[in-house]
Amino acid sequence: MPLTASSKIPITPAEGPIADQAFNHAAESLCRIGREFYRRGWVFGTSGNFSAKISTSPLRLAITSSGLDKGSLAAADILEIDSDATVLRGSGLPSAETALHLVIVRQLGAGAVLHTHSVCGTLLSDRFAADSGFAIEGYEMLKGLAGVSTHEHREWVPILENSQDYAALSTELASVLRQYPQCHGVLLRKHGLYTWGQEIAEARRHVEILEFLFEVQARLQFASMPTPSLI
Ligand SMILES: [Zn+2]
């Protein structure tokens, strides 16, 4: 059907912020996730960061500003950035980890990227660092991961050595995602989880599923360890 004047798809300007509606919707959702994840113990202190793609071409992300308490995020704390992490809307600085969000969005076509710092993820990321990852298999909860339809699934969770050199870390993350294109999340050692989804709701669900499975794995791993002697 030919396009009429009223049905033409609006052309997004190459520069400048994206339409308010997409940004506002993403900002509200990211704030809600921040409050929930804080309450559940996954983003204490000012840890964690969240992003959502609000435009593919040109690439635009709504992303949390750096250094903020995620339990009390407001829409004004969300920035709009372009593919170079230049801030187009909002005040504040994007997290130093923004480069990792951009790698995941570009490489996997993700619509949202969520990063948490949980106790169990932190413990496991160190326990299995020498193996560069660990497998989770046999659990019904695995079916909460996109594309997984049976508990017989084997999920490999890659672990990257943590670094403050985010350019180098981005290169390593890109390499791991090429090596494990089917994975649903990556851990940084003694740091936290990166997971993603086609949209915000799916990424949120992946955090919930992976954090559940991490807790199961951590309890299994550490429950059998000998208690240090007090004598
Ligand atoms: Zn972090």
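## Sheet pairing and helix packing

Leu 114 has Thr 195 of strand β9 as its bridge partner. This pair belongs to the antiparallel pairing of β5 (residues 112-116) with β9 (residues 192-197), which extends over five bridges. Both strands are described here from a predicted model.

Two helices that pack on the sheet both touch β5 and can be described from this strand. Helix α1 (residues 20-39) packs on the sheet with contacts to β1 (49-55), β2 (60-64), β3 (78-81), β4 and β5, and its direction makes about 160° with that of β1. Helix α3 (residues 119-127) likewise packs on the sheet, where it touches β5, β6, β7 (154-160), β8 (185-188) and β9. The direction of α3 makes about 75° with that of β8.

The sheet as a whole is open and comprises nine strands, in the order β4-β3-β2-β1-β5-β9-β8-β7-β6, with mixed pairing. Strands β4 (87-89) and β6 (133-137) form its edges; each has a single partner strand, so one side of each lacks a neighbour in the sheet. From one strand to the next, the twist averages 25°.

The chain contains five helices and nine strands. Read from the N terminus, its elements follow the pattern α-β-β-β-β-α-β-α-β-β-α-β-β-α. Of the 231 residues in the chain, 38% are buried. Among contacts between residues at least 6 apart in sequence, 64% join residues that are at least 24 apart.

Strand β1 is flanked by β2 and β5 in the sheet order. β1 is mostly covered, with six of its seven residues buried. On one side, β1 pairs with β5 in the antiparallel sense over four bridges, and Asn 49 has His 115 of β5 as its bridge partner. β1 also runs antiparallel to β2, to which four bridges join it; here Ala 52 is placed opposite Ala 62 of β2. β1 and β2 form a hairpin, with four residues between the two strands. The loop of this hairpin holds Pro 58, and the peptide bond from Ser 57 to Pro 58 is cis, with omega near 5°.

Two further loops each hold a non-glycine residue with positive phi. Ser 132, which is not a glycine, has a phi of about 60° and is located in the loop between α3 and β6. Because 14 C-beta neighbours lie inside 10 Å, Ser 132 counts as partly exposed. Lys 190, also not a glycine, has a phi of about 55° and is located in the loop between β8 and β9. Lys 190 is partly exposed, having 15 other C-beta atoms within 10 Å.

Helix α5 (residues 200-223) consists of 24 residues. From its first C-alpha to its last it reaches 34 Å, close to the 34 Å expected at 1.5 Å a residue. Its buried residues are Ile 200, Ala 203, Arg 204, His 206, Val 207, Ile 209, Leu 210, Glu 211, Leu 213, Phe 214 and Gln 217. An α-helix has 3.6 residues a turn, so residues three or four places apart point the same way.

Helices α3 and α5 pack at an angle of about 60°, and their axes are 9 Å apart. The two helices are therefore oblique to each other, and their crossing is left-handed. On the α3 side, the residues that meet α5 are Cys 120, Gly 121, Leu 123, Leu 124 and Arg 127. Their counterparts in α5 are Glu 211, Phe 214, Glu 215, Gln 217, Ala 218, Gln 221 and Phe 222. Among these, Glu 211, Phe 214 and Gln 217 are also listed as buried residues of α5.

A second helix pair is formed by α2 (residues 98-108) and α4 (residues 166-179), which pack at an angle of about 25° with their axes 9 Å apart. As the angle is under 35 degrees, α2 and α4 are therefore roughly parallel to each other. The crossing of α2 past α4 is right-handed. From α2, Ala 99, Leu 100, Val 103, Gln 107 and Leu 108 take part in the contact. They meet Tyr 166, Ala 167, Leu 169, Ser 170, Leu 173, Ala 174 and Leu 177 of α4.

Key: Residues are numbered from 1 along each chain as its sequence is written. This is a predicted model: local features need pLDDT of at least 70, side-chain atom pairs count only at pLDDT 80 or more; totals for chains, interfaces and linings use all residues. Two strands pair if DSSP finds at least two bridges between them. Axes are lines fitted to C-alpha atoms, for helices over the stretch in contact, and angles run from 0 to 180 degrees between N-to-C directions. Two residues are in contact if their C-beta atoms, placed from the backbone, lie within 7 Å. A residue is buried if 20 or more other C-beta atoms lie within 10 Å of its own, exposed if 12 or fewer, and partly exposed in between; C-beta atoms are placed from the backbone. The expected span of a helix is 1.5 Å times one less than its number of residues. Angles under 35 degrees count as roughly parallel, over 145 as roughly antiparallel, 65 to 115 as roughly perpendicular and the rest as oblique. A crossing is left-handed if the near helix is turned anticlockwise from the far one by less than a right angle, and right-handed if clockwise.
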